[in-house]
Amino acid sequence: MDIIQGKHFSITDPKGINTVIYQVNKTEKEYLKEFPKYTVERLDFTSEIRGDSTRKTYFVDEPSPDGNQLVILSFGKEKVVINMGILIGDEVKITKKPAPFKFDTLYSEQSNEYKEFNYTPNLKRAISIIDPETAEEIKPVLFFDEKTNEVKGKCKLKPYKSYFAFEIREN
């Protein structure tokens, strides 16, 4: 029987705020020439309504002894607050130093597909596209590119709707 080691932590969202948290993963050395240095993985969570607020408990499987880097995105009405944190032991520390984020707001008056992006061999990706109204991730359609021999993804975006896209970069 496999035993999964993990950690969990909780945050409370006030009314009108929807927080999602991503773990930043560093790509293994043998894949660095072909793939991005960092990928992002959305953490699973459970929700519990407490009056006007929502308590969310997030789960990190196989926590690193050196700590797990976290990206904390809090979606409110027409704004996104971005924080970085690190899960070390049993506590989450929010960093004061700015992080190297690249993010865009995507909007189009036509239905279109966002650019292709590569996946690492363990099916992780560097880019995440989120619907800011629901804070739900837009799930990409995966396909195999026979020319490059790689797994890639595309996200289908609806017209007249804004999306939040972010990527972690080295610099």
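This report walks through the strands, cores and ring pairs of one protein chain.

## The overall picture

What you see is a predicted model. The protein has 171 residues, and 37% of them are buried. Its secondary structure is simple to list: there are 17 strands and zero helices. The chain also brings together residues that are far apart in sequence. Among the contacts between residues at least 6 apart in sequence, 62% join residues at least 24 apart.

## An open sheet of three strands

A good place to start is the open sheet made of three strands, which run in the order S1-S5-S4 with antiparallel pairing. On its edges sit strand S1 (6-13) and strand S4 (44-50), each of which pairs on one side only. If direction is ignored, neighbouring strands in this sheet are turned by 20° against each other on average. As general background, strands of a sheet pair through backbone hydrogen bonds, either parallel or antiparallel.

Look now at S1 and its partner, strand S5 (residues 53-61). The two pair in the antiparallel sense over eight bridges. You can find one of the matched positions by looking for Ile11, whose bridge partner in S5 is Lys56.

Two residues help to show the surroundings of this pairing. Gln5 lies in the segment before S1. Gln5 counts as exposed because its relative accessibility is 53%, and the cut-off for exposed is over 50%. Leaving aside residues up to four places away in sequence, Gln5 touches Val60, Asp61, Glu62 and Pro63. The C-alpha atoms of Gln5 and Glu62 are separated by 5.3 Å, although the two residues are 57 residues apart along the chain.

The other residue is Ser53, found in strand S5. Is Ser53 buried or exposed? With a relative accessibility of 19%, Ser53 counts as buried, because the cut-off is under 20%. With residues up to four places away in sequence again left out, Ser53 touches Thr12, Asp13, Pro14, Lys15 and Glu48.

## Rings that meet

The structure holds three aromatic pairs. A pair of aromatic rings is described by the distance of the centres and the angle of the planes. Two of the pairs involve Tyr58, as this table shows.

| Ring pair | Centre to centre | Angle between planes | Kind |
|---|---|---|---|
| Phe9 and Tyr58 | 5.7 Å | 20° | stacked |
| Phe45 and Tyr58 | 5.2 Å | 45° | tilted |

Both of these pairs link distant parts of the chain. Phe9 in strand S1 and Tyr58 in strand S5 are 49 residues apart, while Phe45 in strand S4 and Tyr58 in strand S5 are 13 residues apart. Ring pairs thus join Phe9, Phe45 and Tyr58 into a cluster.

How covered are these rings? Phe9 and Tyr58 are both buried, and the relative accessible area of Tyr58 is 0%. Phe45, at 30% relative accessibility, counts as partly exposed.

## Two nonpolar cores

In soluble globular proteins, nonpolar side chains tend to be buried together. Here the largest nonpolar core has 14 residues, and the members that touch the most others are Tyr22, Val71, Leu73, Ile130 and Phe166. At least two residues of this core come from each of strand S2 (18-26), strand S3 (38-42), strand S6 (68-76) and strand S17 (163-168). There is also a second, separate core of eight residues, which includes Leu43, Tyr58, Leu70 and Leu87. Tyr58, already met in the ring cluster, is therefore a member of this second core as well.

## Strand S17

Strand S17 deserves a closer look. How many of its six residues are buried? Six of the six are, and S17 is described as mostly covered. In a regular strand the side chains alternate between the two faces of the sheet. For S17 both faces are covered, with Tyr163, Ala165 and Glu167 buried on one side and Phe164, Phe166 and Ile168 buried on the other.

S17 pairs with strand S12 (residues 127-131) in the antiparallel sense over four bridges. In this region Ile129 stands opposite Ala165 of S17. Finally, the ring of Tyr163 has a charged neighbour: the charged end of Lys161 sits over it, 5.9 Å from the ring centre.

Key:
Residues numbered from 1 in each chain as written. Predicted model: local features only at pLDDT ≥ 70, side-chain atom pairs only at ≥ 80, totals over all residues. Heavy atoms only, no water. Core = buried A, V, L, I, M, F, W, Y, C linked by side-chain atoms within 4.5 Å. Buried < 20%, exposed > 50% of the residue type's maximum accessible area, 1.4 Å probe, protein only. Pairing = 2+ DSSP bridges. Axes fitted to C-alpha atoms, helices over the stretch in contact; angles between N-to-C directions. Phe/Tyr/Trp six-rings, centres within 6.5 Å; stacked < 30°, edge-to-face > 60°. Lys NZ or Arg CZ within 6 Å of the ring centre and 35° of its normal. Contact = heavy atoms within 4.5 Å.
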